[in-house]
Structures are given as C-alpha cells and as structure tokens.
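Hi there,

Here is the structure I promised to pass on. Have a look at it first, and my notes follow below.

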Amino acid sequence: MLGIGQDNQLPSPAQLPAELARAHTDFHTCHYTSLALRLPRLIRVGHSLSSDDSEHLIVLGQSYLLATRMLIKLDEQQLGWMAADRARQVAEAAEHPLSVAEAARNLAVLARRAGWEEQALSIALNAADAPGLRASRGGAAERGLLIQSAAYSAARSGDGAGMRELTDEAAAIADGLGGSTALRDHGGGFSPATVQLHRISAEFSTGDPSAALAAARALPPQSLPSLERRARYYADVAAALAQRGRREECVRALLAAEHLAPQETHSRPAVRSLISGLLLSGRTTPELRALAARADALP
C-alpha cells in the first residue's frame with residue numbers, strides 16, 4: 001500500500017494523473033484488490049520524480065491520502081500514521097492547501113481511533129481555520145469535512161450537544177454550496193447527504209442507536225455519491241439495529257451492504273466483528289452463517 005516491493009508494470013510519469021483517477025474510482029467502487037496494486041505503483045513512481053515539480057508532488061500527496069484512508073478502513077493504525085504523515089509532508093512541499101487540510105483530517109481520525117478525542121478535535125478545528133480554505137468552493141467543502149470530523153470526535157468523547165452543533169455547522173456549509181457533491185475524491189465527497197450519513201454514525205457513537213436510526217430514515221441511500229458511501233450507510237444502520245436487538249433487520253442491512261460492495265463489507269474489521277457478534281449472541285440463520293463465511297468472520 002505504501003509503495004514497498006518490486007513491480008515491472010509501473011506507469012510512466014505522464015500516466016500518473018490518469019492512474020490516480022483510476023485509483024480514486026477503485027476506492028469509490030470498492031474494488032480494493034485493484035487499488036492495492038495501483039497505489040504502490042503510484043507512490044513508487046511519484047518518489048522517483050523530481051521534488052521540484054509541484055504537479056507530481058500533488059499526485060504523490062493525493063496517493064498517500066488515499067492510502068491513509070484505506071489503511072484507516074482496514075484499522076492498520078501504525079501504517080496509517082506513516083501514510084498520513086507522508087501525505088502532510090508532501091502536501092506542504094507542494095503548497096497545496098486542500099491536501100494539507102485533508103492530511104490533517106486523516107491525522108485527526110487516527111488520533112480519535114487511538115482514543116485521543118481532545119487532540120483529534122483540536123487537529124480538525126485548527127485545520128478548518130486555515131486561511132487557504134476560505135477562497136474557493138473546494139476549500140469550503142474541506143472545512144465542512146474537518147468540522148464533521150471534529151463533530152465525530154465530540155461524539156466519541158460523550159459530548160452529544162457539541163456533536164450536533166458541529167454537525168449542523170457542517171450541514172450549513174453543505175447547503176451553502178448549493179446541495180451538490182463537492183470534493184468527491186476527498187473524504188468520500190461533501191454534500192448534505194454525506195453530512196447526514198456522518199450524523200448516523202455520530203449519533204450512534206453518543207450511545208443513542210434510536211437517534212442514529214432516525215437520522216438514517218431521513219437519508220435515501222441512493223442520494224450518496226458512491227458505492228463506498230452507500231455500503232457505509234447500510235453498515236452503520238446494521239450496527240444501530242444490532243444495538244436495538246433487531247437481529248433480522250440487522251442481517252438484512254448487512255446483506256444489502258454486501259450486495260452493493262462485497263470487498264467493503266468483507267474487509268472492514270468493524271463489520272466482521274459485528275457479524276461475529278451476531279453469531280455468538282443469539283439464534284443464527286443459514287443467511288447469517290453464509291455471510292460470516294464469506295466475510296471470514298466465523299468465530
């Protein structure tokens with residue numbers, strides 16, 4: 001994922017922008033096997049080029065950003081920190097404000113995953129105040145993503161009121177952008193629909209699965225901008241349903257996620273843990289056992 005190893009099928013420098021676009025498509029369509037081949041090639045070629053070329057630096061930085069997002073998804077904390085720090089260094093060298101901000105957002109996510117909620121909140125909010133984000137539509141969308149991240153950190157620390165205030169602020173930014181999806185290749189996109197998706201998991205993180213399910217009912221999953229985001233919707237709904245003891249609906253939501261994006265559903269440790277928990281906590285069905293086998297989640 002970080003460009004280690006040998007590969008005789010490396011893209012040429014001229015092919016890097018197109019290869020990066022394909023890597024983003026792999027991520028958004030949850031073709032992670034293809035992404036795991038493409039990203040190391042991008043990173044290796046990026047490092048072989050002159051550090052004075054800002055366009056190549058931007059491609060390299062965005063490759064590291066995408067690698068960080070994938071490593072976070074796989075719960076690979078140590079490699080995630082490495083990729084996020086490299087993304088930050090390259091973005092700063094390229095003087096690219098959006099990539100600098102996105103690297104900070106990923107660092108905030110990693111800090112939150114490590115249990116450092118206050119630090120994660122500070123990283124995200126400080127990055128959201130960067131002057132370079134106030135001059136463009138993309139900058140406004142990145143501010144919204146950072147504020148969303150801060151809201152999620154507030155939720156994880158038990159501050160439900162703070163989470164809702166920050167989420168409402170992010171929603172206002174999304175509405176101000178006209179309701180369409182911005183920054184599709186950063187953070188899964190930013191729009192009123194993606195803010196509402198964030199609200200589902202944030203409400204769940206405050207310990208209120210009923211509020212999470214209410215947020216889910218207000219969001220048509222087809223309004224989300226990618227398969228990856230739609231699969232995340234069904235996985236988040238499944239987690240909330242499990243907490244409410246609604247096992248059959250939970251399994252249906254997991255099957256819906258798998259139908260949309262098998263590699264997403266099978267690769268995320270949190271989803272596999274949910275499936276294993278269902279097997280151990282109550283009556284099983286052939287559907288659930290088959291899903292557990294496909295996801296390698298059998299106890």
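Glu203 is buried in this predicted model, because its relative accessible area is 7%, under the 20% cut-off. This residue sits in helix α9. Leaving aside residues up to four places away in sequence, Glu203 is in contact with Met163, Arg164, Asp208, Ala211 and Ala212.

Helix α9 (192-205) also takes part in the largest nonpolar core: along with α10 (209-217), α11, α12 (247-260), α14 (269-281) and α15 (286-294), it supplies at least two residues. That core has 30 residues, and α11 gives the most to it, with six. Ile200, Leu219, Tyr233, Val237, Cys250, Leu254 and Ile275 have the most contacts inside the core. As for Cys250, its partners are Ala238, Leu241, Ala242, Leu274 and Leu278, again not counting residues up to four places away in sequence. Another core, of 29 residues, lies apart from this one; Ala128, Ile173, Ala182 and Val195 are among its members.

Now for helix α2, which covers residues 32-48. Its 17 residues should span 24 Å at 1.5 Å a residue, and the end C-alpha atoms are 25 Å apart, so the two values agree. Which residues of α2 are buried? They are Tyr32, Leu35, Arg38, Leu39, Pro40, Arg41, Leu42, Ile43, Val45 and Gly46. These buried residues pack against α1 (16-28), α3 (54-73), α11 (227-243) and α13 (262-267). Helix α11 is thus worth a look on both counts: the buried residues of α2 pack against it, and it gives six residues to the largest core.

Best wishes

Technical notes: Residues are numbered from 1 along each chain as its sequence is written. This is a predicted model: local features need pLDDT of at least 70, side-chain atom pairs count only at pLDDT 80 or more; totals for chains, interfaces and linings use all residues. Side-chain values use heavy atoms; hydrogens and water are left out. Helices (H or I, at least four residues) and strands (E, at least two) are DSSP runs, numbered from the N terminus. The expected span of a helix is 1.5 Å times one less than its number of residues. Buried means under 20% relative accessible area, exposed over 50%, partly exposed in between (1.4 Å probe, protein chains only). Contact means heavy atoms within 4.5 Å. A nonpolar core is a set of buried Ala, Val, Leu, Ile, Met, Phe, Trp, Tyr and Cys residues joined through side-chain atoms within 4.5 Å.
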